[in-house]
Amino acid sequence: MNLFVRRYSFSPAQRRCNYFSTVASQFIDNCRNGLVSVPGLVDFSGFRDGGISEPVVYANIVHALTKSQCFVTGTQLHCHLIKSGLESDRFVGNSLLALYFKHGKDFNDTLRLFDELKYKDVVSWSSMVSGYIRVQKPREAIKLYLEMLHTGVEPNAFTLSAVIKASAKIRELNLGKSFHGLVVRCGFECNQVIVAAIIDMYGRSCQPNDCRKVFDEMPEPDDVCCTSMISALTRCDLYLEALEVFHIMRSKHRFSPDLFTFGSTLTALGNLERVQQGKQMHAQAVIGGFHENVFVASSLVDMYAKFGMVGESQLMFDKMENKNSVSCCALLGGYCRKGEFEAVISLFRDMEKDLYAFGTVLRACAGLSSVRIGREVHCQYLKRGSWRDVVVESALVDLYAKCGYVDFACKVFVTMPVRNLITWNSMIGGFAQNGRGKEAVEIFKQMIKEGVKPDNITFIEVLFACSHSGLTNEGRELFSSMYKVYGVEPGIEHYSCVVDLLGRNGFIQEAEDLISNSLFRTNTSLWAAVLGACTTGNDLNLAERIATKMIKLIPDYHLSYVLLANMYRTAGRWKDSHKVWELMQDRGVKKMPGKSWTDSSSFNPSLSL
């Protein structure tokens with residue numbers, strides 16, 4: 001019996017230790033559940049009486065406060081730890097670091113805490129690298145990683161996944177490939193979190209083949225890797241491939257989509273304009289309970305807007321409890337694509353402004369030819385000061401050019417630090433539409449000198465400029481160089497511009513030969529352009545030949561009869577003119593009546609921005 005008592009009885013010190021351990025466990029649970037207040041922290045007997053001195057207990061308490069988002073309480077505990085000298089402990093320091101970088105409002109406080117740590121292990125460095133990424137400073141994250149290597153600390157899987165994310169954000173493909181090689185050398189190529197980060201990095205760098213290669217090497221990709229793969233393919237505009245991965249993963253690997261999966265898949269369906277599948281995916285999101293998430297809801301607004309179903313898009317937008325700039329911009333884009341420019345401006349007035357919204361509303365102003373509202377939007381853009389966006393400024397160039405303020409458009413164009421192909425096309429088109437063809441050609445030559453490759457839109461604009469400015473030789477040379485020099489296949493629009501160019505300057509026979517030797521020899525709009533050019537010339541035989549060809553191609557096209565009859569009348573051949581009118585009546589071809597347009601709209605929006 002004495003042996004039994006001695007074996008199971010405890011000394012007062014042991015009982016005191018057990019008591020404080022139990023109290024500490026209960027306190028940690030309360031912290032984790034968010035049930036502790038600052039007075040409760042101060043009155044905690046373990047702190048007051050010094051009964052608990054193990055740093056790991058304090059580290060667990062800080063960790064629990066971090067999980068329960070009790071930042072104020074955590075700062076109070078930090079003060080106590082400074083007074084007790086326990087903040088120098090490695091585990092306590094890392095826990096405090098996590099608390100500050102996850103919930104602190106000022107990242108400088110986190111940086112100051114990190115600099116004051118006496119012991120910095122890989123956890124400390126990794127936390128700070130992630131902290132820089134969280135505050136949108138990926139370059140600083142990479143610099144800190146290099147500093148960590150310089151101190152002799154080896155990276156772990158968490159560190160590598162963080163710096164791979166940083167390289168993805170700054171679009172440094174070669175740097176990302178270097179990290180990929182380091183992952184393989186360290187043996188982390190099967191780590192699902194790292195693989196997901198690598199796939200995302202290649203996706204942001206528009207390297208879909210590398211994404212696929214990394215993904216296919218995974219024996220059993222988890223849900224995170226699948227979602228990263230779908231998002232990467234969507235980001236690379238490979239929407240069909242993204243949907244294929246989604247369906248294969250669901251059928252073979254029992255893939256459970258999350259809110260990010262639904263967001264990317266809905267984006268793919270919207271761009272493919274697959275209405276039926278989009279509605280089915282919407283239903284799945286509702287069944288899974290994801291439809292109320294702001295990310296998924298914004299994707300639904302965008303999907304229906306791209307379907308052209310702006311009513312459904314507006315309905316989804318109205319149901320959102322927390323509207324953000326992404327959902328607003330998606331709805332703006334939907335109305336702009338439908339040509340409902342007034343709705344774009346009305347919605348812009350009440351929404352949170354971001355760069356994409358400015359670009360969309362400026363396109364709406366251009367559609368309405370409303371330079372006054374466009375100037376107001378331009379002023380708001382300039383007030384942002386630090387904003388410089390090539391899309392918005394390209395839209396400004398397009399707006400001023402379409403409204404006739406081509407010199408002002410040129411001023412915006414010249415001051416742009418970065419220009420893309422859309423910017424150059426807008427400026428060339430602006431000069432072309434305002435009858436300044438020589439300047440349009442000069443801008444085209446400047447674009448080529450700066451290494452920007454023209455596309456089919458570029459050639460439409462510059463050929464249009466040549467046509468309306470009498471630049472016949474320049475137009476011929478540009479048309480000839482389209483495919484030979486720049487690899488751009490001429491389309492019906494390019495032929496129309498060249499035919500108009502030749503017709504306006506009296507080279508009607510050359511225009512006829514051009515059409516006859518092209519793939520568009522049966523296109524009536526081209527022959528109509530040549531026939532229209534004949535009315536300004538004196539070659540009646542040529543006009544008869546082209547009109548006869550037009551009548552054979554489209555017997556009910558009224559302009560063929562009207563133009564030929566008018567030419568006969570101009571030449572004094574009244575009987576032949578009368579015969580054409582009789583033929584037109586016998587065939588039941590009716591001349592389209594003339595129309596005059598008047599603007600009866602009272603829409604005169606005024607933005608209170």
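**Salt bridges, a pocket and some buried residues**

R436 and E439 are joined by a salt bridge in which the closest N and O atoms are 2.7 Å apart. This pair is a convenient place to enter the structure, which is a predicted model. R436 is partly exposed, with a relative accessible area of 23%, and E439 is also partly exposed, at 32%. Side chains of opposite charge can pair when their charged atoms come close. The structure holds 15 salt bridges, and a few more of them are worth a visit.

One of these links the side chains of K143 and E140, with an N to O distance of 3.8 Å. Both residues belong to helix α10, which covers residues 138-150, and they sit three residues apart, or about one turn of the helix. K143 has a relative accessibility of 52% and counts as exposed because the cut-off for that class is over 50%. Its partner E140 is partly exposed, with a relative accessible area of 32%.

A further pair is found in helix α25, where D398 and K402 are four residues apart, again about one turn of the helix. Their closest N and O atoms are 3.3 Å apart, and the two residues form a salt bridge. D398 has a relative accessible area of 19%, so D398 falls under the 20% limit and is classed as buried. K402, in turn, is partly exposed at 45% relative accessibility.

Salt bridges can also be joined into a network, as they are for D200, R204 and R235. Two of these names, R204 and R235, return in the description of the largest pocket, together with S231, S264 and F295, as the residues closest to its centre. Rolling a probe the size of a water molecule over the atoms shows where empty space is left. The largest pocket has a volume of about 1400 Å³, and 37 residues line it. Several helices contribute to this lining: α11 (157-169), α13 (192-204), α15 (223-235), α17 (259-272), α19 (294-306) and α21 (325-337) each supply at least two residues. By character, the lining residues divide into 12 nonpolar, 13 polar and 12 charged.

Does a charged residue such as D389 turn out to be buried or exposed? D389 is buried, yet it has no salt bridge. The nearest side chain of opposite charge belongs to R363 and is 8.5 Å away; a salt bridge is counted within 4 Å, so R363 is out of range. D389 lies in the loop between α24 (371-383) and α25 (390-402). A polar atom of the D389 side chain does, however, lie 3.1 Å from the backbone nitrogen of V391.

Another loop residue, S518, is placed between α32 (508-516) and α33 (524-534). S518 has a relative accessible area of 2% and is therefore buried. Its side chain reaches the backbone oxygen of I515 at 2.9 Å.

The last stop is W125, in helix α9, which runs over residues 122-134. With a relative accessible area of 4%, W125 is buried. Where does the chain bring W125 and T159 in relation to each other? The two residues are 34 residues apart in sequence, and their C-alpha atoms are 7.9 Å apart in space.

How values were computed: Residues numbered from 1 in each chain as written. Predicted model: local features only at pLDDT ≥ 70, side-chain atom pairs only at ≥ 80, totals over all residues. Heavy atoms only, no water. 1 Å grid on protein atoms, 1.4 Å probe; cavity = no way out; pocket = protein on both sides within 12 Å on 5 of 7 lines; lining within 4 Å. Points joined across faces, edges and corners; volume = space filled by probe spheres on them. Nonpolar A, V, L, I, M, F, W, Y, C, P; charged D, E, K, R; others polar. Buried < 20%, exposed > 50% of the residue type's maximum accessible area, 1.4 Å probe, protein only. Lys, Arg positive; Asp, Glu negative; His and termini not counted. Polar contact = N/O pair within 3.5 Å; in protein donor to acceptor, adjacent residues only side chain to side chain.
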